[in-house]
Amino acid sequence: MQKKFSLLVILVILFNCNKNIDSVQNFKITEKPKKAVVYQVFTRLFGNTNTNNKPWGTIEENGVGKFSDFTDKALIEIKDLGVTHIWYTGVPHHCVIRDYTDYGISNDDPDVVKGRAGSPYAVKDYYNVNPDLADNPEKRLEEFKALLVRSHNVGLKVIIDIVPNHVARNYKSITNPEGIESFGDSDNKSVVYDVNNNFYYNPGEAFKVPVFENGFKPLGGDNNKLSDGKFEENPAKWTGNGSRLSQPNFNDWYETVKINYGISPEGRKDFHELPHGFENENYEVHFQFWKDKTVPNSWKKFKDIALYWLEMGVDGFRYDMAEMVPVEFWSFMNSSVKMKNPDAFLLAEVYNPDLYRDYIKRGKMDYLYDKVQLYDTIKHIMQGHGKTDYIPGIQDYLKDIEHNMLHFLENHDEQRISSPEFADNAQKGKPAMVVSATISTSPTMIYFGQEVGEPGAENAGFGSPSRTSIFDYIGVPNHQRWLNNKKFDGGQSTDEEKELRDFYQRLLNFTIQSEALMGNYQDIHHYNREQNQNYNDKVLSFVRWSENEKLIIVSNFDSDNRWEFNLKVPENIIKLWNLSDGNYKIEDEIYNKYSANLVVSNGLGNVNIALNALESFILKI
């Protein structure tokens, strides 16, 4: 086993300090004094021990995980990884190609379902859960409620998906609470648009299944009586990604239909807009604003859905493709959620940086993916063709909302670090993970299997290698070795997998306990680029501190070369930390394998650093 740790140096020095300086970002966090760590788990894959992995395989052939697989032991192991929140992906009842008619559930048509197991983002019934996940499908909701209790009992907060932009093309809830209609039940289908219609229509035109390309066949060509190139929908609805075609393209989100939020086809907003300055108001003021306003029917439906799950005990939501939905709706929705549970964890997909502040401040989101800037930049560095020089500028651009920008290296949409298409080596994720988890006060997210180097290599069927499929019944080999026939102890893991998981566990637990990581930040990277010849664009450094904890973080992304240099800590930081001239011994905090001296002379700090390729240390005085 190659004993290399992701390139990091954290020097933790305990001193009192004055925290005021113009060039420093001073983050004042009152609601969340500790870092949050989200563990995203694809629910139907987590507990699956079947290793068959036949392309387009059925449940009987490839297996499926269940709610019950998240035993107390499994949840404790997840919690002990350094996790505060668990995001159970794929919980709401979405379309699946399996016969559940014995339970009153209609069969789904393969012509408008992606994969055999179906996309979790084509929700069919928002008031129930995926029957695949239950030992007894008739009791599926009760089994999910029991999972909520188990999760809470070990100290984990629970997040599930809400997908406001679109629903499954054949949406039909059979378990609505009394007085709640399904989407589209009261729509006027004779018009393209009405403010209170849930969908957009093409009157006089019937839906046509897309022309499948590149030899694709639903279910891989397996026989199914509903797989006939037809799906009855008249009039045709607009497709989830906004396509207005009655026969959408194969690359459109043809399995879904677009929700109407009161925006006409010409772009007119048929609802009240937020007054100027409302970006500075809290959720209570936003809630009062909407209290006496008439809002489109779709707004009410999704608010009712969110409150239903909150009442059940869910602690928050991950909102899919939030930027495709008007920000005024989010003000209405999220203020209602926060009035029900002020501590609800609200995470959203927004990929346009120009919209970040709008959706955070006016839409009242807690967190957005930091995908387009930090993730994309770090990915390029990990692949060997990016520069660390760009990272400080990202943090400067986001300094007013840095707490709201959730950091990740993997999720269900992105390629696995270990895949050849990404970095081809899980070890390259170590310096990236250190930077991602420590550079700001924002939450950190990891995707199940990331901690054991899962490469996502399976040819699953609809899903393609490099990403663990979200559409198919499949096994996750590296994760399954840790699963060890549901012992959840890594009993079959390789030495390298065990070492990697140990790294994640040590790092994540450090982050959720560190006071400094909820404190101040200052870049020292560019300062050292000017001062050190051996300090280059494969290395990154910054400082984090609070009143009682001081950190210097240095990461080397170079997978081939060892770098030695004298890291300089600027005078303003030394002054803030109240360090007088002298030597301060620093020792490894996590691995106990490194010690050095921080030398302060004439108000300037110096540390001799020798970093092996992808090596890491965490040091404390």
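When helix axes are compared here, each axis is a line fitted to C-alpha atoms over the stretch in contact, and the angle between two axes runs from 0 to 180 degrees between N-to-C directions. With that in hand, let's walk through this predicted model, beginning with a pair of helices. The axes of α11 and helix α13 (residues 495-513) cross at roughly 15° and come within 10 Å. Angles under 35 degrees count as roughly parallel, and α11 is therefore roughly parallel to α13. The handedness of this crossing is right-handed. On the α11 side, the contact is made by Lys430, Met433, Val434, Ala437 and Thr438, and on the α13 side by Glu499, Leu500, Phe503, Tyr504, Leu507, Leu508 and Thr511. Sorted by class, the residues of this contact are eight nonpolar, two polar and two charged.

Stay with α11 for a moment, and look at how it sits in the fold. Helix α11 covers residues 429-438, and 10 of its 10 residues are buried, so the helix is largely enclosed by the rest of the structure. The buried residues include Gly429, Lys430, Pro431 and Ser436. Lys430 thus appears twice in this picture: it is buried in α11, and it is one of the residues that α11 brings to the contact with α13.

Next, turn to α6, a helix with two packing partners to explore. Helix α6 (residues 297-312) packs with helix α7 (residues 327-340) at an angle of about 25°, and their axes are 10 Å apart. These two helices are therefore roughly parallel to each other, and α6 passes α7 in a right-handed crossing. From α6 come Trp299, Lys300, Phe302, Lys303, Ala306, Leu307, Leu310 and Glu311, which meet Glu328, Phe329, Phe332, Met333, Ser336, Val337 and Lys340 in α7. This contact has nine nonpolar, one polar and five charged residues.

The other partner is helix α4 (residues 140-153), which packs with α6 at an angle of about 60°, with the axes 10 Å apart. That angle makes α4 oblique to α6. Here Leu141, Phe144, Lys145 and Leu148 of α4 meet Tyr308, Trp309 and Met312 of α6. By class, the contact of α4 with α6 has six nonpolar residues, no polar ones and one charged.

What do these helices have to do with the interior? In soluble globular proteins, nonpolar side chains tend to be buried together. The largest nonpolar core in this model has 136 residues, and those with the most contacts inside it are Tyr126, Phe144, Phe302, Trp309, Phe317 and Tyr319. Helix α6 gives the most to this core, with eight residues. Phe302 is a good residue to click on: leaving out residues up to four places away in sequence, Phe302 touches Tyr126, Ile162, Val163, Pro164, Val167, Phe183, Ile259, Tyr261, Phe329 and Met333. A second, separate core has 26 residues, among them Ile552, Phe565, Val600 and Ile609.

Now for the loops, where some individual residues reward a visit. Gly65 lies in the loop between α2 (59-62) and α3 (72-80), and Gly65 is buried, with a relative accessible area of 0%. Apart from residues up to four places away in sequence, Gly65 touches Thr43, Arg44, Gly47, Asn48, Asp132 and Leu133. Ser182, in the loop between β7 (166-168) and β8 (201-202), is buried as well, with a relative accessible area of 2%. Setting aside neighbours within four places in sequence, Ser182 is in contact with Tyr171, Lys172, Ser173, Asn176, Asn198 and Lys301.

The backbone has some points to check too. The loop between β8 and β9 (236-237) holds Pro235, and the peptide bond from Asn234 to Pro235 is cis, with omega near 5°. Leu219 also has its place in the loop between β8 and β9. The phi of Leu219 is near 60°, a positive value in a residue other than glycine. Asn602 is not a glycine either, yet it has a positive phi of about 55°. Are these two residues buried or exposed? Leu219 is buried, with a relative accessible area of 3%, whereas Asn602 is exposed, with a relative accessible area of 68%. You will find Asn602 in the loop between β21 (595-601) and β22 (604-611).

Definitions and conventions
Residues are numbered from 1 along each chain as its sequence is written. This is a predicted model: local features need pLDDT of at least 70, side-chain atom pairs count only at pLDDT 80 or more; totals for chains, interfaces and linings use all residues. Side-chain values use heavy atoms; hydrogens and water are left out. Helices (H or I, at least four residues) and strands (E, at least two) are DSSP runs, numbered from the N terminus. Angles under 35 degrees count as roughly parallel, over 145 as roughly antiparallel, 65 to 115 as roughly perpendicular and the rest as oblique. A crossing is left-handed if the near helix is turned anticlockwise from the far one by less than a right angle, and right-handed if clockwise. Contact means heavy atoms within 4.5 Å. Ala, Val, Leu, Ile, Met, Phe, Trp, Tyr, Cys and Pro count as nonpolar, Asp, Glu, Lys and Arg as charged, and the others, Gly among them, as polar. A nonpolar core is a set of buried Ala, Val, Leu, Ile, Met, Phe, Trp, Tyr and Cys residues joined through side-chain atoms within 4.5 Å. Buried means under 20% relative accessible area, exposed over 50%, partly exposed in between (1.4 Å probe, protein chains only).
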